[in-house]
Amino acid sequence: MLDDLFTCRCCESDDLHEVFSLPPIPLVGAFTKESKVDVEKFPITLLFCQSCKVLQIRENIDEQILFNQYSFSSSTINSLVTHFEDYAAWIKKLVNPKSVLEVGSNDGILLLPLQKMGIRAFGVDISSNITAIAGAKGLNVKNIKFGVQNQTEISGWIREKVDLITASNTFPHNDDPNGFLKTARMLLSDGGKISLEVMYAGSLEENLQWDTIYHEHLHFHSLTSLKNLFERNGFYIEHAEITNMHAGSLRVLASRVEGAMTESAQKILGTEEHRGLNRKATWIEFAKRSSSAISICREKLIEQNLLGPIAAYGASGRATMWIHAANLDFIQYVVDASPLRAGHYMPGSDIPIQSPSYFKEAPPSAVFVSAWNYFDGIIGQHPEYQGTWIAPLPVYLQKKSEKNEKP
Ligand SMILES: [Zn+2]
């Protein structure tokens with residue numbers, strides 16, 4: 001179930017350096033129906049590749065265990081629905097494809113707006129339960145892993161080569177990024193392109209997002225590391241930009257013909273060099289700052305817990321990371337809007353997950369917003385709440401709800 005990595009997944013170099021490690025943590029998708037504190041936990045070690053500059057985690061968990069039954073249904077998050085409508089418009093404007101294949105199509109959140117624009121949209125996803133949701137919407141989806149071993153089957157299914165292959169936040173789930181790009185090349189039409197949205201290593205560093213370094217996210221890219229990986233596989237960066245998704249993502253467009261990069265892409269590459277994202281020392285410093293953020297948050301929450309019960313908001317991977325890395329086992333419950341999560345327990349804990357309506361019925365004294373990247377949006381959804389809102393990152397922040405401040 002757990003394989004350790006000794007050479008880089010992207011460039012096969014053994015020039016890997018450990019920069020950060022966390023104590024064993026359960027898989028963030030291991031929600032249980034019963035309170036269960038003894039689920040299996042796995043260490044997390046972040047490595048920096050001196051050769052291609054990618055960050056990756058050493059531990060490789062069997063992907064069937066990670067993704068077969070997936071509890072993240074994108075369309076339950078309003079801001080993601082808007083994001084993917086915008087992304088579909090971006091695709092239409094920059095690429096104008098007749099057909100698109102999305103890898104990791106989840107519940108069809110991108111396929112739906114693409115189809116509405118008249119684009120033939122196909123989606124593959126490794127999670128059977130989430131693919132079934134997309135299928136029920138009448139979308140062209142297939143429950144299959146995207147990779148060399150399934151290339152013939154996918155090719156037979158889509159029948160004609162596609163003009164664009166895209167993946168939003170699923171590319172780093174793949175333990176064989178070179179195999180992914182080889183497969184993409186075979187399935188693309190002449191002049192076909194690839195676009196990826198990945199969590200951005202620059203935002204990871206800037207916002208101290210150690211809480212996204214969990215077993216599902218095998219690699220974290222800068223534009224420099226993606227450029228190295230793409231060129232190794234015959235793709236060339238055309239354009240890149242930074243978006244707000246997941247507190248900072250990189251959106252990249254690449255083609256099979258080498259040409260000039262946009263100014264935006266060139267600027268990002270220059271900034272990465274200037275900020276030291278390509279240097280090991282930067283990531284060692286990131287690790288120190290992250291460890292300090294974990295300690296500070298734990299101390300503050302222990303103080304807050306003396307004043308009254310604390311609930312967390314957002315049963316995302318970040319919440320599991322905080323609960324286990326900072327030992328927040330005193331949290332009373334976690335609020336989450338996804339029907340796939342409410343009624344379960346947080347991985348490896350006896351902390352139940354409740355729906356937002358329960359939060360209104362039994363408001364805690366303070367709310368630890370584990371989904372801190374949606375901090376203002378979550379506060380906006382609960383004008384009725386009177387108490388303290390807490391965000392752990394990018395810097396620890398605590399604020400009373402406005403109504404409470406009035407005498
Ligand atoms: Zn490498």
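This is a short walk through one predicted model, from its domains down to a few single residues.

Hi everyone, thanks for coming. Please keep in mind that we are looking at a predicted model.

Let's start with the overall layout. The domain assignment splits the chain into domain 1, residues 74-277, and domain 2, residues 282-405. Their centres, taken over C-alpha atoms, are 30 Å apart. How many residues are in contact between domain 1 and domain 2? There are 15 on the domain 1 side and 16 on the domain 2 side.

Now for an open sheet. It has four strands in the order β2-β3-β4-β11, and the pairing is antiparallel. The edges are β2, residues 16-26, and β11, residues 219-220, each of which pairs on one side only. Inside that sheet, β3 (residues 41-49) and β4 (residues 55-57) are joined antiparallel over three bridges. If you want a spot to click on, find phenylalanine 48, which sits opposite leucine 55 of β4. Then look for helix α10, residues 280-307, which lies across β2, β3 and β4 and runs at about 25 degrees to β2.

Next, helix α2, which covers residues 78-94. This helix has 17 residues and spans 25 Å from first C-alpha to last, close to the 24 Å expected at 1.5 Å a residue. Which residues of α2 are buried? They are Leu80, His83, Phe84, Tyr87, Ala88 and Ile91. Because these residues cover an arc of only 140 degrees around the axis, they fall on the same side of α2. The face turned away from that buried side carries exposed residues, namely Asn78, Ser79, Thr82 and Lys93. And what covers the buried residues of α2? The cover includes β6 (99-103), α3 (111-116), β9 (162-168) and β10 (188-199). After the helix comes asparagine 96, with a positive phi near 50 degrees.

That brings me to some other asparagines. Asparagine 106 lies in the loop between β6 and α3. Its phi is near 50 degrees, which is positive in a residue other than glycine. Is asparagine 106 buried or exposed? With 26 other C-beta atoms within 10 Å, asparagine 106 is buried. Asparagine 169 is in the loop between β9 and α6, the latter being residues 177-187. Asparagine 169 is not a glycine either, yet its phi is positive at about 60 degrees. This one has 20 other C-beta atoms within 10 Å, so asparagine 169 counts as buried, given that 20 or more is the cut-off for that label.

Asparagine 178 belongs to helix α6. Here the count is 16 C-beta neighbours inside 10 Å, so asparagine 178 is classed as partly exposed. Leaving aside residues up to four places away in sequence, asparagine 178 touches Arg232 and Asn233.

Let's move over to strand β14, residues 310-313. Ile310 and Ala312 point one way from the strand, Ala311 and Tyr313 point the other way, and all are buried. Which strands pair with β14? One of them is β17, residues 366-368, which pairs in the parallel sense over three bridges. In that pairing, alanine 312 faces phenylalanine 368 of β17. β14 is also joined to β15, residues 334-335, by two bridges, and these strands run parallel. There, tyrosine 313 has valine 335 of β15 as its bridge partner.

Helix α11, residues 317-325, is mostly covered, with nine of its nine residues buried. Among them are Arg318, Trp322 and His324, so do take a look at those side chains. What do the buried residues of α11 pack against? They pack against β2, α10, β14 and β15, which links back to the sheet strand β2 and to the helix α10 lying across it.

After α11 comes asparagine 327, with a positive phi near 50 degrees. How far is asparagine 327 from asparagine 178? They are 149 residues apart in sequence and 37 Å apart in space, C-alpha to C-alpha.

One last stop, at a proline. The peptide bond from leucine 393 to proline 394 is cis, with omega near 0 degrees. You will find proline 394 in the loop between β18 (388-391) and β19 (397-400).

That's my tour, and thanks for listening!

Technical notes: Residues numbered from 1 in each chain as written. Predicted model: local features only at pLDDT ≥ 70, side-chain atom pairs only at ≥ 80, totals over all residues. Expected span 1.5 Å × (residues − 1). Buried ≥ 20, exposed ≤ 12 C-beta atoms within 10 Å, placed from the backbone. Arc of directions from axis to C-beta. Contact = placed C-beta atoms within 7 Å. Pairing = 2+ DSSP bridges. Axes fitted to C-alpha atoms, helices over the stretch in contact; angles between N-to-C directions. Domains from an automatic or database assignment.
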